[in-house]
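Visitor: I'd love a close look at one part of this molecule, with enough background to see where it fits. Could you pick a loop and walk me through it slowly?

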Amino acid sequence: MASARVLVLGGGFGGLACAHELRRLVPEVAVAVVDRSPSFVVGATQTWVMLGRRREEEVARSRERLRRAGIEYVQAEVTAIDPSRRTATTTGGQLEGDFLVVALGTELDLDVVPGLAEAADTFYTLEGAARLRERLASLVSGRLVLLIPSVPFKCPPAPYEAAILLHDFFQRRGLRSAVAIEVDTVEPAPMPTAGPTMGALIRGELEKRGIAFFPGRQPERVDAASQTIRFVDGSETSYDLLISVPRHRAPAVAREAGLAGEEGWIPVDPRSLETAYQAVFAVGDVTVVSLPGRYVPERPLVLPKAGVFAEAEGKVVAARIAARIRGEEPKAEFGGEGFCYLELGGEEAVRADGSFFALPHPTVVAREPSREQYEDKLRWVEEVLEAYLDGREG
């Protein structure tokens, strides 16, 4: 296949990694990345923007820089996908490829609970994080509630990290005793797929800081006028500032194309990331990857949604496509391994490394908190941005 063309829908972690790896492995391949947003942001930086530690322009990188690596960038919205023909209709026209990689990420909205969209802020978008920066600057007393109303959501430690960093934020301003912080979640425990040890670690860090934690709490409705959240069990809580994780869904275009399964996400082979369609792959948050192990026999597990997994999946897909282009048998496989950082304030962090295909259940090992791991996180973010988009926007 001398003149193969690969069409990558989505320019997040998975799409960027796949495109760059393809150009490295098969320099003659034509690769096009389609994304409606001109800029890429590592999600881990959005809490920094929320807390005023970074400005928006410091964490964003222009996707136009893909052209420097010989990758075509199409700034357009994907409006339809035909997986059987490996084509995509976009606001910029129709595109096609010999291989199709769906890396569209998730749609985010706050409509999962009546009244939530009118009442809540979120740091899960760069624009939302910037708005929260202004809201937090003016909050000097009251109750701050961080709500997790639905699962799954990307970067499972993020809401808990945000609560811990908010504690640090108010403590530094001498306001912590005047601002109560509470986390309400539908989850039975923090990061349940990472196992009870990781959950206990996070609960312990919340408790140390006097952050109230209420698991298994399903919100029924939010009343913005009275600033209250009512839960399904009849309990209520009030707030002066409400920060919520949005509902995450596979983009409508993926569902309308028939790619999504019963769970609402694109099912893929856990090792090859292949879909049910020939020469069509899917990577990252848009997928559902079933795990072989379980903590409880009757509760199946799926891979958490996180950029490190999307990046690894993108590289595996690139290697498998490159092998097919060369007429070889694809051998690259995704191993289900990844890591995350949990910032603890005071320029300290914990890195946890997980093997999610392990049996009888995933294994996650967290290190002792240190400044070194905090600095490692800073370096990791910069390395990602430099590797895929070669420098700062503007």
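**A loop in its setting**

Guide: Let's start from the outside: the protein chain has an accessible surface of about 16,500 Å², and carbon and sulfur atoms own 47% of that. Keep in mind that this is a predicted model. The chain's C-alpha trace spans about 65 × 50 × 40 Å along its principal axes. A compact globule of 394 residues would have a radius of gyration near 21 Å, and the chain has 21 Å, so the two agree. Inside that outline you'll find ten helices and 24 strands, and 55% of the 394 residues count as buried. If you look at contacts between residues at least 6 apart in sequence, 67% of them join residues at least 24 apart.

Now for our loop, the one linking strand E6 (78-82) to strand E7 (87-90), where Arg85 sits. Is Arg85 buried or exposed? To count as exposed, a residue needs a relative accessible area over 50%; Arg85 has 52%, so Arg85 is exposed. Want a feel for distance? The C-alpha atom of Arg85 is 37 Å from that of Pro362, and the two residues are 277 apart along the chain.

Step along to Arg86, which is in the loop between E6 and E7 too. The relative accessible area of Arg86 is 22%, so this residue is partly exposed. Check its backbone as well: phi of Arg86 is positive, about 55°, although Arg86 is not a glycine.

For comparison, hop over to the loop between strand E11 (142-148) and helix H6 (158-172), where Pro152 lies. A cis peptide bond, with omega about 0°, joins Val151 to Pro152. Cys155 belongs to the loop between E11 and H6 as well, and here is another residue other than glycine with a positive phi, near 55°. With a relative accessible area of 32%, Cys155 is partly exposed.

One more loop is worth a stop: Pro360 has its place between strand E23 (348-355) and strand E24 (363-366). The peptide bond running from Leu359 to Pro360 is cis, with omega near 10°.

Finally, set those loops beside a helix. The 19 residues of H9 (residues 307-325) should span 27 Å at 1.5 Å a residue, and the end C-alpha atoms are 27 Å apart, so that agrees. H9 is mostly covered, with 14 of its 19 residues buried. Just past the end of H9, Gly327 has a positive phi of about 75°.

Conventions: Residues are numbered from 1 along each chain as its sequence is written. This is a predicted model: local features need pLDDT of at least 70, side-chain atom pairs count only at pLDDT 80 or more; totals for chains, interfaces and linings use all residues. Side-chain values use heavy atoms; hydrogens and water are left out. Helices (H or I, at least four residues) and strands (E, at least two) are DSSP runs, numbered from the N terminus. The radius of gyration is taken over C-alpha atoms; the globule rule is 2.2 Å times the number of residues to the power 0.38. Buried means under 20% relative accessible area, exposed over 50%, partly exposed in between (1.4 Å probe, protein chains only). Contact means heavy atoms within 4.5 Å. Accessible areas come from the Shrake-Rupley method with a 1.4 Å probe; for residues, only the protein chains shown count as cover. The expected span of a helix is 1.5 Å times one less than its number of residues.
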